[in-house]
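Please open the structure in a viewer and have a selection tool ready. The tour proceeds from one selection to the next and states what is found at each stop.

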Amino acid sequence: MTHPVELPQAFGRVVAEAIPGILKHQTADGSIVYSPLAPIVYPQQAIFPLAFVWAGLDPDQRWRKHGEVRACIENLGGFLLSRFNEKGEFSWDSHGYQITGVDQRLTYAWIEGLRILREAGADHDFAAWGKKIAAACETL
């Protein structure tokens, strides 16, 4: 007999279980790169799960207010700030091609991460994040 999945707790546990992998794949520039051969934008969406667990939204709260997670968020936030232009476009290498554009998935992950962190009382540079996010929304 299978047991029913209890949402949202099951989602929170899956997110929390991914955190060691995210921490392991953060590079010196703050980006999250799962494979140096494929440095695409999608891993940067880790800003959302990092914020989620730092705020203690997962049922076990094992990463709540954790210093390593906070540092990872800060470094990833710095990376994102450095890679978004004044129009809110993100630049990345896609298999040898330089791509610049608004990635709505990344923008949404950053918006949610910002919201969660603000509500949890974090002290990141939200004004700088907000400028880049607002520019991306305007460009979209």
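Begin by selecting helices H3 and H4, whose axes cross at roughly 135° and come within 13 Å. This is a predicted model. H3 and H4 are oblique to each other, because the angle between them falls in neither the parallel, the antiparallel nor the perpendicular range. Their crossing is left-handed. To view the contact itself, display Ile73, Gly77, Leu80 and Leu81 on the H3 side; these residues meet Leu106, Trp110 and Leu117 of H4.

**Leu106**

Keep H4 on display and select Leu106, which belongs to this helix. Is Leu106 buried or exposed? With a relative accessibility of 0%, Leu106 counts as buried. Now add Tyr42 to the selection. Leu106 and Tyr42 stand 64 residues apart along the chain, yet 6.9 Å separates their C-alpha atoms.

**Helix H2 against helix H4**

Next, select H2 together with H4, which comprises residues 104-119. Two packed helices are described by the angle between their axes and the distance between the axes. For H2 and H4 the angle is about 15° and the axes are 8 Å apart. H2 is therefore roughly parallel to H4. The crossing of this pair is left-handed. On the H2 side, the residues to display are Ile47, Phe48, Ala51, Phe52 and Trp54. They meet Ala109, Trp110, Glu112, Gly113, Ile116 and Leu117 in H4. Trp110 and Leu117 also appeared at the contact of H4 with H3.

**The surroundings of H2**

Hide H4 for a moment and colour H2 by accessibility. How many of the eight residues of H2 are buried? Seven of them are, and H2 is mostly covered. The buried residues are Ile47, Pro49, Leu50, Ala51, Phe52, Val53 and Trp54. Restore the other helices to see what covers these residues: the cover includes H1 (9-24), H3, H4 and H5 (126-139).

**Two rings in H2**

Select Phe48 and Phe52, both of which lie in H2 (residues 47-54). Four residues separate them, about one turn of the helix. An α-helix has 3.6 residues a turn, so residues three or four places apart point the same way. The two phenylalanines differ in exposure: Phe48 counts as partly exposed at 22% relative accessibility, whereas Phe52, at 11%, counts as buried.

The whole structure contains seven aromatic pairs. In the pair formed by Phe48 and Phe52, the ring centres are 5.9 Å apart and the planes stand at 45°, so this pair is tilted.

**The aromatic cluster**

For the next stop, select Phe79, Phe84, Phe90, Trp110, Phe126 and Trp129, which form one aromatic cluster. Trp110 is also one of the H4 residues that meet H2. Then add Arg83: Arg83 lies over the face of Phe90, at 5.5 Å from the ring centre.

**From H2 to H3**

Return to H2 and follow the chain onward. Just after H2 comes Gly56, with a positive phi of about 80°. Further along, in the loop between H2 and H3 (67-83), select Gln61. Gln61 is not a glycine, although its phi is positive, at about 50°. With 41% relative accessibility, Gln61 counts as partly exposed.

Lys65 is found in the loop between H2 and H3 as well. What is the phi of Lys65? The value is near 55°, again positive in a residue other than glycine. Lys65 has a relative accessible area of 36% and is partly exposed.

Continue to Gly67, which lies in H3. Gly67 is exposed, with a relative accessible area of 52%. Select Phe11 as well and compare the positions: the two residues are 56 apart in sequence, and their C-alpha atoms are 23 Å apart in space.

**Helix H1 against helix H3**

For the last stop, select H1 and H3. Their axes cross at roughly 55° and come within 11 Å. H1 and H3 are therefore oblique to each other, and H1 passes H3 in a left-handed crossing. Ile19, Ile22 and Leu23 of H1 make the contact with Glu68, Val69 and Cys72 of H3.

Technical notes. Residues numbered from 1 in each chain as written. Predicted model: local features only at pLDDT ≥ 70, side-chain atom pairs only at ≥ 80, totals over all residues. Heavy atoms only, no water. Phe/Tyr/Trp six-rings, centres within 6.5 Å; stacked < 30°, edge-to-face > 60°. Helix = DSSP H or I, 4+ residues; strand = E, 2+ residues; numbered from the N terminus. Buried < 20%, exposed > 50% of the residue type's maximum accessible area, 1.4 Å probe, protein only. Lys NZ or Arg CZ within 6 Å of the ring centre and 35° of its normal. Axes fitted to C-alpha atoms, helices over the stretch in contact; angles between N-to-C directions. Parallel < 35°, antiparallel > 145°, perpendicular 65-115°, else oblique. Left-handed = near helix turned anticlockwise from the far one by under 90°. Contact = heavy atoms within 4.5 Å.
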